[in-house]
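Let's take a walk through this model together. Keep the 3D view open and follow along as we go from single residues to packed helices.

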Amino acid sequence: MSELARAVEFSQPRERVVAADRVCVVVVTFNRKHLLQTCLRSLFLQTHPVDEILVVNNASTDGTPEMLAQTFPQVRVLNLSRNTGGAGGFHAGIEWAHKAGFEWIWVMDDDIQIYPDTLEVMLRYKEISDFIHVRKTGPEGLQVWEGMWDLSSVSAFRFREDLSFKHGREWTSVTYGNFEGALIRRKVVEKIGYPDPRFFMVGDDTIYGFLASLHTNVIYINHVGIERKLPARSTGNRNTYYFRNRNRFLTVTYLKNAGAAVSGFSFWTYTLRDVIRCLTEILWTRRTGHPFLTIRAVFTGLRHGVIGRFGPPPWI
């Protein structure tokens, strides 16, 4: 049993299920019970019903367990004893659903609303892919997700528009993942394992999709099925700057181990340029609360990436 599995409290024991195409939803939450309610309500409206909903509660302190027990007694809850970040939450949730025997694991954050026909549409592509995404909309409008990897920055970047859909394609392949609504077949988990909790947050889903793309078509469907309730992550958050500079070192290890031709010179050139870019953003935008703490997070993240210190940041 993994360290994360030992850190959880199961709401109830369950027997392994083996029926084909059974779907377990894994929702990871932390201190956002009002958004979580919207997400869960949308799941109960699916035209293709889900078989199980598992909420992974990342040690929330806002009354999330009580709200779930009172409002959603039919939902299974996995209460973590500490905040393990999104990466740790998805690790624990996917591990639980996989060991319970579900064929499909539908992963998502708590700040999204799922449109009623989304699961039904996604399952139409099960003969093409074992790792399926749909399009999303949010406060900024329709989001673009098609793109490719930049090996100098060891990150996936998006095009300005979804070019395949512009040219009439029904779906397109990508080589990265996103845990805001990805539908994953169990055999993918059996081949690549569970998400790496060392990321804590930022980048765990991106590299997980890359690993999956070595075994299946990771696809992106021309169907809007998800609405994100919060804007994209702000550049003014010190967590963002910390993980942006640190997790790059974990990602490059995965890429190199998979055989990607990553240039050390290009990697370090981009990394140092990005440090300068981060400092410029902090000093020019002045939206970071206390600039000194945010600047410190940039260099702490860089140092921790170099020495291999992963997991939660020092202040969590």
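A residue counts as buried when its relative accessible area is under 20%. Keep that cut-off in mind as we look around this predicted model, beginning with one threonine.

Thr-137 is part of strand E7, which spans residues 131-138. Is this threonine buried or exposed? Its relative accessibility is 18%, so Thr-137 falls on the buried side of the cut-off. A polar atom of the Thr-137 side chain sits 3.5 Å from the backbone oxygen of Gly-141. If we set aside residues up to four places away in sequence, Thr-137 touches Tyr-115, Leu-142, Gln-143, Val-224, Ile-226, Glu-227 and Arg-228.

A second small polar residue is worth a visit. Ser-60 is located in the loop that links strand E3 (52-57) to helix H3 (64-71). Because its relative accessibility is 13%, Ser-60 counts as buried too. Which backbone atom does its side chain reach? It is the backbone nitrogen of Asn-31, at 2.9 Å from the side chain of Ser-60. Asn-31 also appears among the residues that Ser-60 touches, together with Thr-29 and Phe-30, once residues up to four places away in sequence are left out.

From Ser-60 we can move on to helix H2, residues 33-43. Its buried residues are Leu-36, Gln-37, Cys-39, Leu-40, Ser-42 and Leu-43. What do they pack against? The partners are strand E2 (23-29), E3, H3, strand E5 (104-109) and strand E6 (112-114). Let's look at the H3 partner in detail. The axes of H2 and H3 come within 10 Å of each other and cross at roughly 35 degrees, and the crossing is right-handed. On the H2 side, Lys-33, Leu-36, Gln-37, Leu-40 and Arg-41 take part, meeting Thr-64, Met-67, Leu-68 and Thr-71 of H3.

Now for the nonpolar interior. The largest nonpolar core holds 51 residues, and Val-26, Trp-96, Val-107, Phe-131 and Ile-184 have the most contacts inside it. Which helix gives the most to this core? That is helix H4 (residues 85-99), which supplies six residues. Apart from this core lies another one, of 32 residues, including Leu-40, Val-75, Val-121 and Leu-183. Leu-40 is one we have already met, as a buried residue of H2.

Val-107 gives a good view of the largest core from the inside. Beyond its neighbours within four places in sequence, Val-107 is in contact with Val-26, Phe-90, Ile-94, Phe-179, Glu-180, Gly-181, Ala-182 and Ile-184.

Helix H4 is also home to Ala-92. With a relative accessible area of 5%, Ala-92 is buried. From there you can look across to Lys-256: the two are 164 residues apart in sequence, and their C-alpha atoms are 26 Å apart in space.

Our last stop is a second helix pair. Helix H9 (residues 238-257) and helix H11 (residues 291-307) have axes that come within 7 Å and cross at roughly 20 degrees. H9 is therefore roughly parallel to H11, and their crossing is right-handed. H9 contributes Arg-238, Tyr-241, Tyr-242, Asn-245, Arg-246 and Phe-249 to the contact, while residues from H11 include Leu-293, Ala-297, Val-298, Gly-301, Leu-302 and His-304.

Methods. Residues are numbered from 1 along each chain as its sequence is written. This is a predicted model: local features need pLDDT of at least 70, side-chain atom pairs count only at pLDDT 80 or more; totals for chains, interfaces and linings use all residues. Side-chain values use heavy atoms; hydrogens and water are left out. Helices (H or I, at least four residues) and strands (E, at least two) are DSSP runs, numbered from the N terminus. Buried means under 20% relative accessible area, exposed over 50%, partly exposed in between (1.4 Å probe, protein chains only). A polar contact is a pair of N or O atoms within 3.5 Å; within protein, one must be able to donate a hydrogen and the other to accept it, and residues adjacent in sequence count only if both atoms are side-chain atoms. Contact means heavy atoms within 4.5 Å. A nonpolar core is a set of buried Ala, Val, Leu, Ile, Met, Phe, Trp, Tyr and Cys residues joined through side-chain atoms within 4.5 Å. Axes are lines fitted to C-alpha atoms, for helices over the stretch in contact, and angles run from 0 to 180 degrees between N-to-C directions. Angles under 35 degrees count as roughly parallel, over 145 as roughly antiparallel, 65 to 115 as roughly perpendicular and the rest as oblique. A crossing is left-handed if the near helix is turned anticlockwise from the far one by less than a right angle, and right-handed if clockwise.
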